[in-house]
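Subject: Handing over the structure

Hi,

Here is the structure I promised to pass on, with my notes underneath. I hope they help you find your way around.

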Amino acid sequence: MASFLGLGPRNTSHREKWLSAVGAFVGILSLCLLAPQLWGEAGVLIATSIGASTVLLFAIPHGPLSQPWPVLLGYIVSAAIGVSCARFIPHLALAAACAVGGAVLVMHYLRCLHPPGGAAALAAVVGGEQVRALGYDYLLSPILYNALLMVVVALAFNIWFRHRRYPAYLSHIGPPAHTAATLTRDPAGQHVTHEDMAWALQKLDLFVDVSPEDLCELFELAGEHARDGAATDEAVLPGSYYSNGLTGFQWQVLRVDALTNPTSTSRTRVEFQVVHGPSLGEYGSLPLAAFRERARVRVRWEQGHWIRDTAEQ
């Protein structure tokens, strides 16, 4: 059920969670205090969609959706489409639908996809007479003023943390934060380059909120972990969990329920259940040798992830 609902894993430390929260606090406080000082009465208006942008800028500062181009241009084009739909389409429901749909389409083509832009487009239509009265001034205040100030605050806040530097380009200047400059290899030993990762992202034909650079670094870290925990001929124990060692949608996790004839290796059978991946919930039974072939890595559940279990290796 958790996988079906998309319950996310706990990928980050308590420190990172608190940094995100403090950054969001500083961002909104700065906006509320500085905008009126910088832009006078025009700065008093605050777009509620900026709250969603704050989450992206301070909790996911390296995500493609969080970079300055998507934030600034995504807001501007979405607001312009929203105001135009409010002005020229008299039917409210149709205007709202066209505003958000049009904003998504244009942001895709301009490579500035920023989810809060959809909220800015919708607010231009359903935000009431006060927002409608602004007309195209809505693009400047509150939209551009809010977005520009938030980008500046995100840059100033995140620059102090090497792993969070914003925009993401700044985090790639200098030596890597986590690994030495090595060639990433796939399981077959072939070199995997930035261009390979970019091609793979393109082949998915879905917008994935991760950059090729971050994917390469993740791949290298995973490779180091795999090399450090090279497969061993470990015992198969009831109650333990094993991965089939595959990736993507072929990945399975099996739970060992019982061993039959455990005193005779040649006759031992492993009773197991699939607890993650294809054939979820299915029970099976295999000879010990066949099970070892299928279940290649012992794993454990930790902070929302199945990770390699190295406790007894």
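S279 is partly exposed, with a relative accessible area of 38%. You will find S279 in the loop between β5 (269-276) and β6 (283-287). Its backbone is worth a look: the phi angle of S279 is positive, about 65°, although S279 is not a glycine. Please keep in mind that this is a predicted model, so every value in this email is computed from it.

R111 is a second residue of this kind, with a positive phi of about 55° although it is not a glycine. R111 sits in the loop between α5 (92-109) and α6 (115-126). With a relative accessible area of 73%, R111 counts as exposed.

For the wider picture, the protein chain has 12 helices and 8 strands. Of its 313 residues, 35% are buried. If you take the contacts between residues at least 6 apart in sequence, 57% of them join residues at least 24 apart. The chain exposes about 18,300 Å², and carbon and sulfur atoms supply 64% of that area.

Now to the salt bridges. How many does the structure hold? There are 2. One is formed by E16 and R164, whose closest N and O atoms are 2.3 Å apart. E16 belongs to helix α2 and R164 to the loop between α8 and α9, so this pair ties together parts that are 148 residues apart in sequence. Are these two residues buried or exposed? Both E16 and R164 are buried.

The other salt bridge joins R255 and D257, with 2.8 Å between the closest N and O atoms. Here R255 is partly exposed, at a relative accessible area of 23%. D257 is also partly exposed, at 32%.

R164 deserves a little more time. Its relative accessibility is 1%, and because buried means under 20%, R164 counts as buried. What does R164 touch, once residues up to four places away in sequence are set aside? The list is E16, L19, S20, F58, A59, P61, H62, F157 and N158. F58 in that list is 106 residues from R164 along the chain, and the C-alpha atoms of the two are separated by 8.7 Å.

F58 leads on to helix α3 (residues 50-59), where it is one of the buried residues. The others in that helix are I50, S53, T54, L56 and L57. The cover over the buried residues of α3 includes α2, α4, α6 and α8.

Just along the chain, Q67 lies in the loop between α3 and α4. Q67 is buried, with a relative accessible area of 14%. Leaving out neighbours within four places in sequence, Q67 is in contact with P61, H62, Y166, P167 and A168.

Two of those partners, Y166 and P167, are joined by a cis peptide bond with omega near 0°. P167 is in the loop between α8 and α9. Another cis peptide bond runs from S141 to P142, with omega near 15°, and P142 is found in helix α8.

Helix α8 (residues 140-158) also packs with helix α4 (residues 68-88). Two packed helices are described by the angle between their axes and the distance between the axes. For α4 and α8, the axes come within 10 Å and cross at roughly 170°. Angles over 145 degrees count as roughly antiparallel, and α4 and α8 are therefore roughly antiparallel to each other. On the α4 side, P68, V71, L72, Y75, I76 and A79 make the contact, and on the α8 side I143, L144, A147, L148 and V151 do so.

One last stop is on the surface. Which residues make the nonpolar patch of about 500 Å²? They are F25, L29, L33, L34 and L38. L29 is in helix α2 (residues 14-39), and at 39% relative accessibility L29 counts as partly exposed.

If you would like somewhere to begin, try the salt bridge between E16 and R164, then follow the contacts of R164 to F58 and on into the buried residues of α3.

Enjoy looking around, and write back with any questions.

Best wishes

Definitions and conventions. Residues numbered from 1 in each chain as written. Predicted model: local features only at pLDDT ≥ 70, side-chain atom pairs only at ≥ 80, totals over all residues. Heavy atoms only, no water. Patch = residues over 30% accessible without salt bridge, like charges linked within 9 Å, V, L, I, M, F, W, Y side chains within 5 Å. Areas by Shrake-Rupley, 256 points an atom, 1.4 Å probe, with all protein chains shown as cover. Salt bridge = Lys/Arg side-chain N within 4 Å of Asp/Glu carboxyl O. Helix = DSSP H or I, 4+ residues; strand = E, 2+ residues; numbered from the N terminus. Buried < 20%, exposed > 50% of the residue type's maximum accessible area, 1.4 Å probe, protein only. Axes fitted to C-alpha atoms, helices over the stretch in contact; angles between N-to-C directions. Parallel < 35°, antiparallel > 145°, perpendicular 65-115°, else oblique. Contact = heavy atoms within 4.5 Å.
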